[in-house]
Amino acid sequence: MNIAIVKYNAGNIQSVLYALERIGATADVTDDHDKIASADKVIFPGVGEASTAMNYLKERGLDTVIKNLHQPVLGICLGMQLMCSHSDENNTPCLGIFEGKVKWFGALNNDNEERIRKDNFKVPQIGWNNIFNLRTSLFTNVPENDFCYFVHGYYADSADETIATANYIIPYSAALNRNNFYGVQFHPEKSATTGEQILKNFLNI
Amino acid sequence: MLTKRIIPCLDIRDGRTVKGINFENIRDAGDPVELGARYAMEGADELVFLDITATVERRKTLSELVNRISPHINIPFTVGGGISSAADVQVLLNNGADKVSVNSAAVKNPALIAELAREFGSQCVVLAIDTRLEEDGNWYVYLNGGRVKTELHCLDWAKQAVDLGAGEILLTSMNHDGTKQGFALEITRQLSETLSVPVIASGGGGIATHFADVFNTGKADAALAASIFHFKELSIPDLKRYLQKQGIPVRYQSTS
């Protein structure tokens, strides 16, 4: 199988490569349009800031390439957020593959002040949270309420395209799906055996 | 719901895991990669590797260590030890580390925190603080593995570091480290309630109730310990079972 990892200026790409290696897969890290377009599977990772990443993708025409992919695509963390329609992180228009909008946990303060104080919520969320209402074959053999590792200050709202939910201050999208596009807010490459199962499932789509 | 993290810490000297008491009397505790992989399998939520090798070659040994660790560890890990520039950090992140911890270099040059946060994101910048409660009732910040005292107060320095972009605080109480008599609850609670970022409590964890105390009373987001795990005085699964019974949210393994 030919797996392409989109190479750009926001990524913890080595971790994704090692995680694939642990499940017996190898991948090409590339920003070559043809290689990405012709891969069997495409992984779009990301750690960083939305507007800088979007500018980088646009300058290299990668935004158009990603939007037009027909094979299974998996966005991870910032990658997933960039696949949404808009991010409040520096008011950034994103790829618009998912309808969801990306908002900041910190902006929830007014409505949830009492709960936030009581539960000592920090922003960003860092750590292991359980995922539930799991849908699609991305979560085959993953039990409801299993744990994944999250590091994020921004989140995508729950919507029709939500295929996994997590709770932090409010319920939000832990994973999204539309057609051939999948996105996960957590880091499967760092989510122990649960994450490895999800990566395996993605490769089997 | 977000769970409280249990983080084994591996102090590394010359490629081996070691453990000292009150920063002194160092004992050997095994191969860091084997030990790290074992902890990951047992349900550790993250790992911290601190290189305490005191040589000029340290920068190279740290990146070699990360290279050895990353292929085998399927949970997040932090590395630290003598990191003093963005170039150091770039190499470690490229080799697969998720976060770096900075300590003395950030005290000497606070702008380093801002630079690392800007370049790599706050989420990978952990500020480690070694602090000691002195007779005057204040918690002072220490440098160089606890050898050099500064006039900085712990809470002031932590606040400044978070403003500069530190994404987490790893707080070690030198009074408690190695004693197994429990964590420093009061200073941990002060930091955790004051700061907007997670606080990892370190130093003094000896038995399971100490961990419950540091989460309930100390309001810590995570707790770190070393020797009790290395020398199998407390196993991670037993600890998590205990915490769960106390109503503290922890992650448990779906298998095993």
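Q: In which loop of chain B is Lys180(B) found?
A: This is a predicted model: local features need pLDDT of at least 70, side-chain atom pairs count only at pLDDT 80 or more, and totals for chains, interfaces and linings use all residues. Residues are numbered from 1 along each chain as its sequence is written, while chains are lettered from A and ligands numbered from 1 in the order in which they are written. Helices (H or I, at least four residues) and strands (E, at least two) are DSSP runs, numbered from the N terminus. On that basis, Lys180(B) falls in the loop between β10 (168–173) and α7 (185–194) of chain B.

Q: What is the phi of Lys180(B)?
A: Most residues other than glycine have a negative phi. Lys180(B) is not a glycine, yet its phi is positive, at about 60°.

Q: How many other C-beta atoms lie within 10 Å of Lys180(B)?
A: A residue is buried if 20 or more other C-beta atoms lie within 10 Å of its own, exposed if 12 or fewer, and partly exposed in between, with C-beta atoms placed from the backbone. Lys180(B) is partly exposed, because its count is 18.

Q: Is Ala192(A) buried or exposed?
A: Ala192(A) lies in helix α7 (residues 192–203) of chain A. Its phi is near 50°, a positive value in a residue other than glycine. It has 26 C-beta neighbours inside 10 Å, so Ala192(A) counts as buried.

Q: Which two residues does a cis peptide bond join in chain A?
A: Most peptide bonds are trans. This one is cis, with omega about 5°. Its proline lies in the loop between α6 (109–119) and β8 (125–131) of chain A. The pair is Val123(A) and Pro124(A).

Q: Within what arc do the buried residues of α6(B) fall?
A: Helix α6 (residues 154–164) of chain B has Cys154(B), Trp157(B), Ala158(B), Ala161(B), Val162(B) and Leu164(B) as its buried residues. The arc is that of the directions from the helix axis to the C-beta atoms. Seen down the axis, the buried residues of α6(B) line one face, because they fall within an arc of 160°.

Q: Which residue just after α6(B) takes a positive phi?
A: Its phi is about 125°. The residue is Gly165(B).

Q: How is α6(B) oriented relative to α7(B)?
A: The two helices pack at an angle of about 30°, with axes 11 Å apart. Axes are lines fitted to C-alpha atoms, for helices over the stretch in contact, and angles run from 0 to 180 degrees between N-to-C directions. Angles under 35 degrees count as roughly parallel, over 145 as roughly antiparallel, 65 to 115 as roughly perpendicular and the rest as oblique. That makes α6(B) and α7(B) roughly parallel.

Q: Which residues of α7(B) make the contact with α6(B)?
A: Two residues are in contact if their C-beta atoms, placed from the backbone, lie within 7 Å. The α6(B) side gives Cys154(B), Leu155(B), Ala158(B) and Lys159(B). The α7(B) side gives Ile187(B), Gln190(B), Leu191(B) and Thr194(B).

Q: How many C-beta neighbours does Thr188(B) have inside 10 Å?
A: Thr188(B) lies in helix α7 of chain B. Beyond four places in sequence, it touches residues including Leu171(B), Phe183(B), Val199(B) and Val214(B). Thr188(B) counts as buried, because its neighbour count is 28.

Q: At what angle do the axes of α8(B) and α10(B) cross?
A: Helix α8 (residues 208–216) and helix α10 (residues 236–245) of chain B have axes that come within 9 Å. Their crossing angle makes α8(B) oblique to α10(B). The angle is roughly 50°.

Q: How many nonpolar residues are in the contact of α8(B) with α10(B)?
A: Ala208(B), Phe211(B) and Ala212(B) meet Leu239(B), Tyr242(B) and Leu243(B). Ala, Val, Leu, Ile, Met, Phe, Trp, Tyr, Cys and Pro count as nonpolar, Asp, Glu, Lys and Arg as charged, and the others, Gly among them, as polar. No polar and no charged residues appear in this contact; the nonpolar count is 6.

Q: How far apart in space are Val250(B) and Leu239(B), C-alpha to C-alpha?
A: Val250(B) is in the segment after α10 of chain B. It counts as buried, with 22 C-beta neighbours inside 10 Å. Val250(B) and Leu239(B) are 11 residues apart in sequence, and their C-alpha distance is 9.8 Å.

Q: How many residues does chain A give to the contact with chain B?
A: Chain B gives 27 residues. These divide into 8 nonpolar, 12 polar and 7 charged. The number from chain A is 33.
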